[in-house]
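Q: Hey, I'm new to this one and would like a quick tour. Can we just chat through it?

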Amino acid sequence: MGALQLTLGGISVAVSVVAWSMFVLTIARMVRTIRLGQPDGTRNGPFVPRLTTLIKEFAAHTRMNKLRHVGPWHWLVMWGFLIGSAALFEAYGEVFVPSWGWPILDHWTLWHLLMEVLGVGTVVGGVALVIVRQANHPRRADRQSRFAGSNFWQAYFVEAVVIFEGIGILGVRAAKSAMGTHDLPLWAAFVSEPLGNLLPASPDLVSVFAFVKLMGAMVWVVVVAKYMTMGVAWHRFSAFFNIYFKREADGGVALGKLKPMMSDGKPLDFEEADPEKDVFGAGKVEDFSWKGWLDFTTCTECGRCQSQCPAWNTGKPLSPKLLITQLRDHAYAKAPYLLAGGKRDVTGEEVGLSGDNMYAGIDVLAIAESERPLVGTGDDGGVIDPDMLWSCTSCGACVEQCPVDIEHVDHIVDMRRYQVMIESNFPTELNAMFKNLENKGNPWGQNAKDRLAWTEGLDFEVPVFDGEFGDAEYLFWVGCAGAFEDRAKKTTRAVAELLHMADVKYTVLGPEETCTGDPARRAGNEFVFQMLAQQNVEVLNSVFEDVEPLKRKVVVTCAHCFNTLANEYPELGGQYEVVHHTQLLNRLVREKRLVPVAPVAEDVTYHDPCYLGRHNKVYDAPRELVGASGAALREMPRHGDRSMCCGAGGARMWMEERIGKRINVERVDEALGTAPSKIATGCPFCRVMLTDGVTSRQNDGVASEKVEVVDVAQLLLTAVKRKPAPAPAAVSTSLPAPDADPLENGAADEKADLPTDEVPTGTALPDQDK
């Protein structure tokens with residue numbers, strides 16, 4: 001050990017003590033900050049499923065690989081960071097003793113091969129990620145860059161350190177190879193051995209390389225310790241916890257049901273709730289749960305959510321990424337005030353601190369941050385602009401794509417809840433919808449006695465529940481749109497006809513049915529949702545009173561009703577087997593209880609309703625019905641779990657779209673690009689929005705007057721009822737799953753719907769969606 005080794009080693013230790021001390025103190029401060037959020041005991045277990053999900057997601061990169069041209073490179077960088085840390089700490093020994101290596105491991109040839117691969121993989125992965133970032137730079141026009149709004153210097157800094165450390169691993173190994181420290185076969189040192197032949201055999205060179213490698217890492221540690229909001233760096237640590245504590249213990253994304261309103265870690269009981277004490281949604285950043293604060297901390301600013309967001313892609317102010325980063329920056333800027341005990345009431349008055357100099361010792365910027373409203377315009381100093389908050393369609397594309405399991409939709413709805421229930425500050429159009437739901441039980445304000453108007457003109461009698469469920473197999477939940485909206489009535493009649501033809505025993509509620517409450521809940525009016533939901537659960541439980549629990553079956557045509565009945569009513573005591581009409585009809589076709597006799601020889605594109613597809617993973621059934629009808633399926637570029645929203649969700653159906661391009665027109669433009677004669681869907685909301693979009697484009701002279709929007713059930717009904725032509729031509733019945741013929745493959749009835757990125761069904765996604 002010479003003078004050089006002692007000098008460099010001493011500097012390394014001194015710098016490292018400072019750097020690692022800063023790092024540990026920052027972690028402690030970060031943990032205290034995250035714990036400022038509300039308690040949430042639902043995240044604690046079960047341990048094994050959560051741990052299994054964590055291992056699967058990070059080791060196999062299951063969510064990261066949704067972008068397949070990025071996933072492998074990130075996988076290399078991740079393992080380079082995790083296992084490559086062994087090479088970093090090994091450098092502490094090498095800077096003092098150039099020939100030093102880990103006990104036992106240093107004598108294993110496979111260990112050296114692993115280090116060699118990690119060094120090369122880290123460099124290659126880091127360079128690839130830089131190229132990806134450059135290829136998707138915000139210089140691209142029309143909001144096509146998913147990195148627009150991201151902190152570029154932070155990302156490039158992290159990527160530069162990644163590449164530097166990979167080179168450092170190879171450099172130290174090459175210098176040790178030049179010394180002849182190890183007698184390794186070429187396959188275990190395929191880079192460092194050739195490089196070592198070009199270097200002098202010098203112990204000092206090993207120490208210098210190890211020192212430089214250590215200093216590069218310490219620069220990273222110091223910078224990261226200084227910036228707690230550098231998500232692109234901190235996610236290397238926090239992502240493991242964010243994945244483990246995700247809302248769904250079984251590994252599912254935070255879609256389907258909404259997170260219930262919580263206060264002090266418990267579901268809010270409206271009969272006992274006190275607005276002075278309880279938390280109603282999120283009116284201040286500290287009203288979010290600690291998991292929300294962990295979400296904010298973990299955001300890597302990769303922009304996958306942004307690239308998929310229908311609002312962002314049509315010129316709205318909402319970017320899920322920017323919403324999370326704005327909440328993060330506000331939370332950490334306000335944290336010193338909160339950690340000091342600061343608290344403000346609903347009027348903005350200080351109630352947590354007292355005394356003549358109550359703000360003594362608190363950063364003045366934190367005090368200023370505490371005075372900002374969570375939701376407000378720029379003139380008000382708001383953190384989240386109201387237009388940003390209310391642009392969300394709750395489609396869930398952001399949640400589906402996020403590689404670190406951030407729960408954007410839950411956070412957005414929590415902010416809406418506070419704005420609606422405490423501030424009474426929401427788009428004026430929702431006033432009428434809320435009043436209609438409270439007074440009439442449906443968002444259109446129609447009379448309950450008209451809920452059976454859709455049955456007029458049918459040549460058979462629709463059975464209506466009269467107090468006895470009898471031998472019925474299904475309760476047909478018609479829904480508000482299916483009962484009152486003229487276009488949706490056609491779907492309801494088609495389904496009723498098909499069930500009648502298949503001799504399926506069912507009954508409808510008629511005037512006893514009321515809105516499930518979905519639009520109220522997604523708009524933030526949890527009180528109205530609870531009122532409607534409890535009323536419906538009481539009615540449904542009375543209907544199924546004499547029916548065994550496992551035989552309480554409900555069939556619905558509306559994707560939103562499907563989601564609410566299946567996922568949210570169980571929390572209120574409503575346990576039913578809920579099926580979508582496309583699922584039931586598909587089974588009836590497979591069982592040959594419905595037999596198409598004349599193909600619909602047309603080109604059809606299918607639009608995935610968000611609350612049927614992304615929220616509930618039903619992708620195959622409607623597509624197989626399109627094939628069963630004889631139509632040729634033409635997939636849109638964005639389909640399956642990347643399908644673009646029609647613009648109706650999140651109560652946007654009842655709000656005017658005043659900013660940017662209309663979402664439904666954007667989706668229709670994509671549909672028209674497949675040159676269809678029909679656009680099929682499986683949700684009345686989607687049908688209304690897409691029909692309006694088609695009409696708009698027809699008025700513009702862009703779309704053919706022959707293009708129409710239909711429900712999948714209507715396609716099937718046409719194929720079942722229409723007389724066959726004398727000599728029908730062969731028509732393609734392309735299905736999403738190869739060799740899956742819905743008319744012949746009865747065994748496929750038990751098959752679960754698979755995401756279409758696993759079973760390719762159409763054209764590749766456009767570059768901006770990758």
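Q: What joins the side chains of Glu568 and Arg521?
A: A polar contact of 3.2 Å. Keep in mind that this is a predicted model.

Q: Where does Glu568 sit, and is Glu568 buried or exposed?
A: Glu568 belongs to helix H22, which covers residues 559–568. Glu568 is buried, because its relative accessible area is 1%, and the cut-off for buried is under 20%.

Q: Which residues is Glu568 in contact with, leaving aside neighbours within four places in sequence?
A: Gly256, Lys257 and Leu258 are on the list, along with Arg521, Arg522, Phe529 and Asn563.

Q: OK, switching to His112. Which helix is His112 in?
A: Helix H5, residues 109–135. His112 is buried too, with a relative accessible area of 3%.

Q: And what does the side chain of His112 make a polar contact with?
A: With the side chain of Arg173, at 3.1 Å. Not counting residues up to four places away in sequence, His112 touches Arg173 as well as Asp106, His182, Leu184 and Ala188.

Q: New topic: how many disulfides does the count come to?
A: Zero. Take Cys395: the nearest cysteine sulfur belongs to Cys610 and is 4.8 Å away. A disulfide needs the two sulfur atoms within 2.5 Å, so that pair doesn't make the cut.

Q: What about Cys561, how far away is the nearest cysteine sulfur?
A: That would be the sulfur of Cys558, 3.9 Å away, and Cys561 is in no disulfide either.

Q: Are those two cysteines, Cys395 and Cys561, buried or exposed?
A: Cys395 counts as buried because its relative accessibility is 6%. Cys561 counts as buried as well, at 8% relative accessibility.

Q: Now the strands. In what order do the four strands of the open sheet come?
A: The order is E8-E7-E9-E10, and the pairing is parallel.

Q: Which ones are the edge strands?
A: Strand E8 (632–633) and strand E10 (708–711), each of which pairs on one side only.

Q: How many bridges join strand E9 to E10?
A: Four, with E9 covering residues 678–681 and the two strands running parallel. Thr681 stands opposite Asp711 in E10.

Q: Last one: which helix packs on the sheet?
A: Helix H27, residues 712–721. Helix H27 touches strand E7 (603–606), E9 and E10, and the direction of H27 makes about 85° with that of E10.

Note on methods
Residues numbered from 1 in each chain as written. Predicted model: local features only at pLDDT ≥ 70, side-chain atom pairs only at ≥ 80, totals over all residues. Heavy atoms only, no water. Buried < 20%, exposed > 50% of the residue type's maximum accessible area, 1.4 Å probe, protein only. Polar contact = N/O pair within 3.5 Å; in protein donor to acceptor, adjacent residues only side chain to side chain. Contact = heavy atoms within 4.5 Å. Pairing = 2+ DSSP bridges. Axes fitted to C-alpha atoms, helices over the stretch in contact; angles between N-to-C directions.
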